[in-house]
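Biologist: Please give me a close look at the salt bridges here. I want the pairs, their places in the chain and their exposure.

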Amino acid sequence: MPFPIQRMRRLRATEATRDLVRETRLSPSQFILPLFVCPGEGVRREISSMPGNYQLSIDKLVLECAEVQSLGIGGVILFGLPETKDETASGGYADDGIVQRAVRALKRELPRLLVITDVCNCEYTSHGHCGKVVDGDVDNDQTLVWLTRSAVSHARAGADIVAPSDMMDGRVGAIRAALDQHGFPNTPILSYAAKFASVFYGPFRDAADSAPQFGDRRSYQMDPANGREAMREIELDLEEGADMIMIKPALPYLDLISKARQRFDAPIAAYQVSGEFSMIVAAARNGWIDQERAMMETLTSIRRAGAGVILTYFAKAAAKLL
Ligand code: PBG
């Protein structure tokens with residue numbers, strides 16, 4: 001019974017029917033806001049390539065998170081800017097490291113806020129790579145030692161979920177074993193399972209001061225051309241004990257979010273990364289697109305593709321609209 005019996009426009013005629021048949025809805029509780037914590041007091045330094053995002057000292061971070069919680073946002077993920085960087089990323093796994101201190105402060109002041117920590121070394125190494133450099137390349141197995149120490153120190157500080165983003169092989173299994181051994185069998189792991197070597201991380205590396213000083217990350221992050229390999233990465237991380245998996249970036253990889261949703265029953269997160277955010281803001285500032293509509297359309301698309309959780313720098317702005 002095609003046209004004229006079927007008229008698809010009937011249900012599009014009013015906001016009431018559009019709302020009634022809408023297939024995909026966003027909720028602030030599914031957003032995670034990434035935040036950057038830095039040393040000092042009273043610091044709230046705007047990141048020039050990410051307007052509206054700040055490097056925050058712990059006191060300002062707590063204030064920001066109070067607002068996040070009042071907006072009903074699902075939680076935050078923390079990235080740290082240490083006082084000093086070194087060859088061994090020691091600031092990443094120090095019990096009094098910047099993220100560890102931030103987690104303790106948040107758990108003291110806002111005990112109900114969900115706090116996820118990013119587990120990686122690139123913010124803490126002097127060379128900016130995500131692991132221990134041996135003979136010009138990142139050594140996988142030696143890097144696992146730093147990662148397990150970081151994850152355990154985050155859990156000890158009170159992190160609700162740890163999220164390894166380094167893309168070393170075997171890190172989920174190693175972190176799971178270390179957490180269990182140190183008395184944290186109930187701390188979940190959100191693995192950045194399919195993380196691509198993407199140009200869209202550019203603004204983040206300004207924000208976290210984590211750009212590699214030589215070479216690039218293509219020997220550990222994935223080739224953007226490889227979708228089947230992404231499914232293998234997810235499968236391996238689930239076998240190693242990941243509780244949730246992430247695909248990153250989001251918009252250029254919607255096909256993989258959708259495929260993963262069909263193949264795996266674990267919760268799936270997607271990270272709308274810094275470059276995805278900044279492109280929208282930059283175009284809007286030029287008067288070329290409407291920022292609010294671009295924000296809602298991209299978030300809805302990521303959700304429609306199958307991500308139940310979205311890490312996004314738009315979390316506050318979108319939550320205010322919903
Ligand atoms: C750390 C890390 C990065 C991002 C999240 N965790 C940067 C990178 O891999 O270079 C990027 C997030 C963003 O661009 O918003 N490894």
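Modeller: The salt bridges come next, pair by pair, and then a nonpolar surface patch. This is a predicted model, where local features need pLDDT of at least 70, side-chain atom pairs count only at pLDDT 80 or more, and totals for chains, interfaces and linings use all residues. Residues are numbered from 1 along each chain as its sequence is written, and side-chain values use heavy atoms, with hydrogens and water left out.

Start with the rule. Side chains of opposite charge can pair when their charged atoms come close. A salt bridge here is a side-chain nitrogen of Lys or Arg within 4 Å of a carboxyl oxygen of Asp or Glu. That rule gives 17 salt bridges.

Take glutamate 64 and lysine 316. Their closest N and O atoms are 2.8 Å apart in a salt bridge. Glutamate 64 sits in helix α2 (residues 58–70) and lysine 316 in helix α12 (residues 315–321), so this pair links distant parts of the chain, 252 residues apart. Helices are DSSP runs (H or I, at least four residues), and strands are runs of E, at least two; both are numbered from the N terminus. Glutamate 64 and lysine 316 are both buried. Buried means under 20% relative accessible area, exposed means over 50%, and partly exposed lies in between (1.4 Å probe, protein chains only).

A second pair joins helix α2 to helix α12. Glutamate 67 forms a salt bridge with lysine 320, with the closest N and O atoms 3.4 Å apart. These two residues are 253 residues apart. Glutamate 67 is partly exposed because its relative accessible area is 29%. Lysine 320, at 52%, counts as exposed.

Now for the loops. Lysine 85 and aspartate 209 meet in a salt bridge at 3.7 Å, N to O. Lysine 85 lies in the loop between β4 (75–80) and α3 (90–93), aspartate 209 in the loop between α7 (202–208) and α8 (227–240), so the pair ties together parts 124 residues apart in sequence. Lysine 85 is partly exposed at 27% relative accessibility. Aspartate 209 is partly exposed too, at 47%.

Some bridges share partners. In this way Glu15, Arg18, Asp19, Arg22 and Arg25 join into one network.

Last, the patch. Leu11, Leu20 and Val21 make a nonpolar surface patch of about 300 Å². Patch residues have over 30% relative accessible area and no salt bridge; nonpolar side chains (Val, Leu, Ile, Met, Phe, Trp, Tyr) are joined within 5 Å, like charges within 9 Å. Valine 21 belongs to helix α1 (residues 15–21). Its relative accessibility is 39%, so valine 21 counts as partly exposed.

Methods
Accessible areas come from the Shrake-Rupley method with a 1.4 Å probe; for residues, only the protein chains shown count as cover.
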